[in-house]
Amino acid sequence: MAKNKLTREDALQFHMQPTPGKWEIQATVPMTTQRDLSLAYSPGVAIPCEEIFANPATAYDYTNKGNLVAVISNGTAVLGLGNLGALASKPVMEGKSVLFKRFADVNSIDIELDTEDPDAFCNAVRLMGPTFGGINLEDIKAPECFIIEQRLKEEMDIPVFHDDQHGTAVICAAGLLNALYLSGKKIEDVKIVLNGAGAAGIACLELLKSMGARHDNCIMADTKGVIYQGRTEGMNQWKSAHAVVTDARSLADAMKDADVFLGVSAKGAVTQDMVASMAPNPVIFAMANPDPEITPEEAHAVRPDAIVATGRSDYPNQVNNVLGFPYLFRGALDIHARAINDEMKIACAEALAALAREDVPDEVAMAYGKKLSFGRDYIIPTPFDPRLIHRIPTAVARAGMKTGVARRPIVDMDAYELSLKSRMDPTASILRSLNARARAAQSTVVFAEGDDPRVLRAAVLYQRAGMGKALVVGRSDDVRAKLTAEGLAEAVDEIDVVNAANTTHLETYKAFLYKRLQRNGFDAQDIHRLAARDRHVFAALMLAHGHADGMVTGATRKSAHVLELINHVFDAQPHDGAVGVTAVLHKGRIVLITDTLVHEWPDENDLADIAERGASVARDLGLEPRVAFLSFSTFGSPVSERAEKMRKAPVVLDNRCVDFEYEGEMTVDVALNPRAQENYPFSRLTGPANVLVVPARHSASISVKLMQEMAGATVIGPILSGVGKPVQICSTVSTVNDILNMAVIAACGID
């Protein structure tokens, strides 16, 4: 499988487009009328101010404090880059903020403090305490990070968590519990060697000791060797706490007969000889980033019985902090915790370990392109496991309540777990699954419009993301000039440019096209012009002859015109069964709107066909289809002949015995709003519809474009279904990401 290639230009463009940075602030209350403004600010805002003054705990009720975390750094230890300073750390802190939102629906603001003085840093954070429900410290160098965290924990009454320390420790502990379980060993008996006496290393060892590891069985090493009792060189109070009585002086000495190696140090710190000297069934967590202390291949070459984890996503058993910090804070915030204590961290680790031992949902397997099951290569859950959001915070919250740090304990844990499930964004899992399927398929996709910079960027991204091979229809010199103008000169040699001038298949294409069109008024000269000069037709001919697995077009021409050209090569007329299905993604919801491309004014039989195609596409996207036939009337009220076909279409489906839910006719609110649905208990829909069949193409188009322009919805499509080959048509207002999404759908073979 191709690996994801990220270039400097890709990273810079991602952070600059569509707007600089990675997050923005949106109001959660109406701000349109004078009354709204009066309630949001003066004079209405005075009322909650008085309430909070009288009872400070009500700040969690009347403000966003209870779901707001600050990600704070001074930039003295940015990733593996060192001391870049506060300003240069901002992209990392913004990234951490969006991870909080993406994985646990925690609002987060990044704050970069321009000081290396621990006192000034602590004072600044402490003074901001009333604003936030929790503090996540990040990328602060040791030993100052220990001082800062300890002081802030003592001085503040909200959780203070240094993720570089405790986040790594929690995920490491979770993986180690399962690795020892598979090895038949107990934590209180094993010999543990840790290399790297920085923030993460010390936190890992401290947490494992609180979970039962014996002090005398744990050896810590740094760049100067083993930390033993009596050593004076390069020592501090935090290292001294883990000094042991031992004759070992080097890492190689310490590794002899060790059961566990934990590395948070540097690439190549561990040799194969060291691994060979370890005890039977060794556990090796080589967590240095970006390159581990020893690779899994190197370790397994000398010790096939080893269980190996790293910090990298391209190896099994990734120790990834995103499995911990979002859910730790989610649980802590929801009980209005005063702190995140060891018991809460242990509860998080144990819940993660338990989750990895359970059957993995099919949607996770689909997203990763392989079946995952508990074992030597799967001891830690994947970051995209949908169960994390409702399993980990509940364990953390229970531990916080049990240990007395909760200001507001949760009374109904079942209801709490259900509320956590509703925080998941289904659209994210669908897009992730499609990307994984595309990477597994490694399809060749032809991009028909190589004269458009958006299309070229999408083609480059498709290939660099490891999805497969990108072919671009265009002239080489023109493509080179446009890519260079876009700052992608090095991408010129990465993608293949194809056209009639450099193909050996042109005569074959022309013969095929002439046979199809000769009785439709096209002579040989017309055929040559179409095959040799029209990029849409040329791309379609490539697809029809198996010279590509899918095609993407439509970014430069209106979809109706593009469809007309594609019909020269494929049967994509209404009577051929072709249907246009557009996916609309907005605020965590996804609906498919049909038919947005082919049928201009369908009758009830056409509508039934459209419903079946829409249901098929829904299933291809990982949705269980619930189809609603939309109108301005609901179940016969008001009566109108215009709505009659929408009333008849479900009856047509009744006679076809289809295997999906459908109902109609109904208004869009009845289709999508559970409360509105309650007024019709006889309805066959068991929940909000996700496939909306509308009366005509113009109403479908209006609906999609209105959602896109007014609500800012993400639109994917129209997905051309029923043609027999993956032909995907973008809209002329498509962004680079929109075009890339269409290429991914084509690569997945969705038709």
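Colleague: What joins strand E5 (residues 192-195) to strand E6 (residues 218-222), and in which sense do they run, parallel or antiparallel?
Modeller: In this predicted model, E5 and E6 are joined by 4 bridges and run parallel. Two strands count as paired from at least two bridges, so the 4 bridges between E5 and E6 satisfy the criterion. Within this pair, Val193 stands opposite Ile219 in E6.

Colleague: What makes the sheet that holds E5 and E6 an open one, and which strands stand at its edges?
Modeller: The sheet has 6 strands in the order E7-E6-E5-E8-E9-E10, with mixed pairing. Strand E7 (225-226) and E10 each have a single partner strand, so one side of each is left without a neighbour in the sheet. These two are therefore the edge strands.

Colleague: Which strands flank E9, and how is each joined to E9?
Modeller: Strand E8 (residues 260-263) runs parallel to E9 and is joined to it by 4 bridges; here Leu262 stands opposite Phe285. Strand E10 (residues 307-310) also runs parallel to E9, through 4 bridges, and Val308 in E10 is the bridge partner of Ile284.

Colleague: How do the residues of E9 point, and are they buried or exposed?
Modeller: In E9 (residues 283-286), Val283 and Phe285 point one way, while Ile284 and Ala286 point the other way. Each of the four is buried, which means a relative accessible area under 20%.

Colleague: Which unit do E9 and E10 make with helix H13 (residues 296-302), and what is its hand?
Modeller: Together they make a β-α-β unit that is right-handed. The term applies because, with the strands pointing away from the viewer, the path from the first strand over the helix to the second runs clockwise.

Colleague: Why is helix H8 (residues 163-183) called roughly antiparallel to E9?
Modeller: H8 lies across E8, E9 and E10 and runs at about 160 degrees to E9. Angles over 145 degrees count as roughly antiparallel, so the term applies to H8 and E9.

Colleague: What is the strand order of the sheet that contains E1, and why are E2 and E4 its edges?
Modeller: That sheet is open, with 4 strands in the order E2-E1-E3-E4 and parallel pairing. Strand E2 (107-112) and strand E4 (160-162) each have a single partner strand, so one side of each lacks a neighbour in the sheet. The twist averages 25 degrees from one strand to the next. Strand E1 (residues 68-73) pairs with E2 in the parallel sense over 6 bridges, and Ala70 has Ile109 in E2 as its bridge partner. Helix H5 (residues 90-104) lies across E1, E2 and strand E3 (134-137), at about 165 degrees to E2.

Colleague: Why are helices H22 and H24 called roughly perpendicular?
Modeller: H22 (residues 506-517) and H24 (residues 535-544) pack at an angle of about 95 degrees, with their axes 10 Å apart. The range for roughly perpendicular is 65 to 115 degrees, so this angle qualifies. In the contact, Tyr509, Phe512 and Leu513 of H22 meet Val537, Phe538, Leu541, Met542 and Ala544 of H24. By class, this contact has 8 nonpolar, no polar and no charged residues.

Colleague: Where is Ala241, and why is Ala241 called partly exposed?
Modeller: Ala241 lies in the loop between helix H10 (237-240) and helix H11 (251-255). Its relative accessible area is 49%. Buried requires under 20% and exposed over 50%, so Ala241 is partly exposed. Ala241 and Leu251 are 10 residues apart in sequence and 19 Å apart in space, C-alpha to C-alpha.

Notes: Residues are numbered from 1 along each chain as its sequence is written. This is a predicted model: local features need pLDDT of at least 70, side-chain atom pairs count only at pLDDT 80 or more; totals for chains, interfaces and linings use all residues. Side-chain values use heavy atoms; hydrogens and water are left out. Buried means under 20% relative accessible area, exposed over 50%, partly exposed in between (1.4 Å probe, protein chains only). Axes are lines fitted to C-alpha atoms, for helices over the stretch in contact, and angles run from 0 to 180 degrees between N-to-C directions. Contact means heavy atoms within 4.5 Å. Ala, Val, Leu, Ile, Met, Phe, Trp, Tyr, Cys and Pro count as nonpolar, Asp, Glu, Lys and Arg as charged, and the others, Gly among them, as polar.
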